Structure formats: structure tokens, C-alpha cells
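User: Hey, got a minute to go through this one with me? I'd like to talk about some side chains and rings.

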Amino acid sequence: MEALCSTVNALFYSMNESNGWPSASNRLFVGLHFSVWFFILCLSWVAFMRLLPFQQSFVRAALNTTAMMVLFYVVGFLYQRYYEDRAYWKFTFGLILAFVIVTGLRFRINAGFSYIGDGTAYFKPEPVSFFFGALITNLTTLLNSLLYQLVRSRVIMKQRQATLLADQREAKLQFLRAQMNPHFLFNTLNNIYSLAVVKSDKTAPLVLRLSDLLQYVIYDAQKSRTSLAKEISILEEYISLFQLQHEEPVKVDFSYQLPREPIMIEPLLLVPIVENCFKHGDFAENPDAYVTLTLGWKNDVLHFKADNSYNPNQHQKDRTGGVGLENIKRRLQLQYPDRHSLRIEANDRIFSLELNLELQNTDAL
């Protein structure tokens, strides 16, 4: 059953879900159906050639095959039109009516031919043989059509469930990104405001750098993927913004090694990690405060590590609701399930985060 579902799933991959039937471009679907009916036609033709002349045997085979085709697709129509809409009585009545009409039609077709007896003489077989022959083959056709429709319905249901889950997943990601973007901009604007109050000369350069960040957040960060190189450039911009907030340069080291081929990642995935280092660091009270960021690439795995000094006696909290690292965790679970590891440690005035992200070929440009 599972194998049959997989086969039908491939056939219905490009179907139009509004009516459940494949589009005209689905040549595989049409070709397979044509091949099956052509095989039945040839098989019937060979069987009838023992009893009828060459041309008559073909005519009988063609008429019988056409009648079975009509029954097969009428059952499919009734299933989709009535059974799937829970109109069971209409479906049952239509099924019986179609079966009786096609069975009677095939009985009349088969009884209308004269048959060869000993190779020369013609004879008429017993009518009951025509009836039971049409009855058995029609019943087989009906059952095969019902089985086909059951599998088809199951496949379409799975496709719709997968689409629904994908839509829900995308909605969650958009919500998380919407959380992250205002949070990111809010902190930056606060820093600029603080400098503007004291009329610092650093205000104008900060605004200029912020414009680049705004463009990234408004446009690039709304996409499902952005280039790793672009994300790194935004990290560098953000670090520069942080440096401009201080009269003296602070110790922030950022080293990275990009892969040879361009790689796409989830936008604004690394920036909040760096933001967390700056926010919870102890730069205001510790002259030896530092942030160390390293990014590496090996065997299709992105390694990102962030270490910063902090004061364990200070418990700063995010007043906007605790986005940041929890946000990152949820986004990693949605976008890279079973393809990431995130380790967070805090001990002896050092906060450390290490992210390993497995990127597949589909993440390449």
C-alpha cells in the first residue's frame, strides 16, 4: 500500500488541487494511464482472436476496453463529486447505476458477434457466459478504480497537510523575524539617541551605518535566505556601530573564513548572537572586557563561536519580552531541524556560545 501511495504521489505531484486531476502538462500521468489501457486492449485483442476474425476481434476488444474505461473514470468522478463530499447515498446510487449500465452494454456488445467454432464453423456461446464475463471484469474495474481513488485521496491529503505545515512554519518564522527586527533597530536607535543628546560627532556616522542596516533588515531579512557574505558584512557594520558608541576602542575581535562557494543562510541569524554579547558584556565596568567572534567552515558545517566577558552579579533582562537567544533557538529548530547544535555556557565571568550549522547543497547559491 505504501509503495502504491508513493507511486501515485509522484503522479499527482503536479496536479491542480482545485479539482484533484493533473494538469495538461503532466505527461507522465497521462502516459501511464494510456499505457495501462493500451495493454488491456492488446490483451483482450489477443484473447478474442481465438474466437473471431482479425478485424472483428479488434473491434470487440476496443469496444470492451472503452466501456471499462468509461466505468473506471465515471467511478472516479462519482467518488470525487459525492463520496468526498459525504453524499454517500448519491455515490452508492451512481455507482450501482454506472455498473449496471456498463455491464448491460458489454453484454449486448459481446452477444452481437458470431464466433468461430472448429476453425471454420460459427456458433453462439451461451448468453450466461457473456453476462458473467462482463460482470467479473466490470467488478474488477470498479474495485481498481475505488482503490485508485482511495490512494489518490490519501496522497492529496498528505500533500495538503505538508503545505499547511509549511505555511504554519513560514508564519512562525515571519513572526520571529518581526520580533527580531524591531528589537535590533530599537537598541541601535537608543545608542544613536544617546550620542545625539550630548551632540557627539559620532552621531552622523552612526546614522549612515544605520541606513545600511535598515536596508538589510527591511529587504534582505524578509527573504527566506541571504548570502553568508552579506550576513558577515552586516556583522561588521554592527560591530562598527558598537565601537562608535565608545570614546576609546573596545576589544572586539572578529575573524572569519568563508567557504569557496557562495552559501545561503537564514537572515539575521548571527547578528542577535553578537548583539547579546554586547548587551550582556561588562564594558562599562571592566577595562579588560572583550568579545571574541570566530567563524569557520569545514566539511559543509558552519562553525560560529562567540565569547564575551560578563559580570555574573548583574542580571540584565530584555524588557521587550526576552527575544534574542530564545528567538534564535526557535528559528534554528524551524529552519535547520537535526542540522544544528547550539551550546551555551556561562562560568567564571565568561559567557560562551558555539553554533554548528550543517549546510546542504540546497543552501548554495
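User: Is Phe278 buried or exposed?

Analyst: Keep in mind that this is a predicted model. Phe278 comes out at 7% relative accessibility, so it counts as buried, the cut-off being under 20%.

User: OK, back up a bit. How many aromatic pairs turn up in a search of the whole structure?

Analyst: The search finds 16 of them. One is Trp37 with Phe72: the ring centres sit 5.7 Å apart with the planes at 80°, so that pair is edge-to-face.

User: Which helices do Trp37 and Phe72 lie in?

Analyst: Trp37 is in α2 (residues 27–48) and Phe72 is in α3 (residues 54–83), so the pair ties together parts that are 35 residues apart in sequence. Both residues are buried.

User: And Phe278, which ring does that one pair with?

Analyst: Phe278 pairs with Phe242, and the two are stacked, at 3.8 Å centre to centre and 5° between the planes. This pair also links distant parts of the chain, with Phe242 in helix α7 (residues 228–244), Phe278 in helix α8 (residues 271–280), and their positions 36 residues apart.

User: What's the relative accessibility of Phe242?

Analyst: Phe242 has 8%, so it counts as buried.

User: Which residues form a cluster with Trp37 and Phe72?

Analyst: Tyr73 and Tyr148 join Trp37 and Phe72 in one aromatic cluster.

User: Switching to Tyr83. Where is it placed?

Analyst: Tyr83 is in helix α3. With a relative accessible area of 32%, Tyr83 is partly exposed, since that value falls between the 20% and 50% cut-offs.

User: What does Tyr83 touch, leaving aside neighbours within four places in sequence?

Analyst: Tyr83 is in contact with Leu78, Tyr88 and Phe91.

User: Last topic, Asn311. Where in the chain does it lie?

Analyst: Asn311 is in the loop between β7 (301–309) and α9 (325–335).

User: A loop residue, then. Buried or exposed?

Analyst: Buried: the relative accessibility of Asn311 is 12%, which is why it counts that way.

User: Which side chain does the Asn311 side chain make a polar contact with?

Analyst: That would be the side chain of Glu285, at 2.6 Å.

User: Which residues does Asn311 touch, not counting those up to four places away in sequence?

Analyst: Asn311 touches Asp282 and Arg349, as well as Glu285. So for Glu285 you have both a touch on Asn311 and the side-chain polar contact.

Key:
Residues numbered from 1 in each chain as written. Predicted model: local features only at pLDDT ≥ 70, side-chain atom pairs only at ≥ 80, totals over all residues. Heavy atoms only, no water. Helix = DSSP H or I, 4+ residues; strand = E, 2+ residues; numbered from the N terminus. Buried < 20%, exposed > 50% of the residue type's maximum accessible area, 1.4 Å probe, protein only. Polar contact = N/O pair within 3.5 Å; in protein donor to acceptor, adjacent residues only side chain to side chain. Contact = heavy atoms within 4.5 Å. Phe/Tyr/Trp six-rings, centres within 6.5 Å; stacked < 30°, edge-to-face > 60°.
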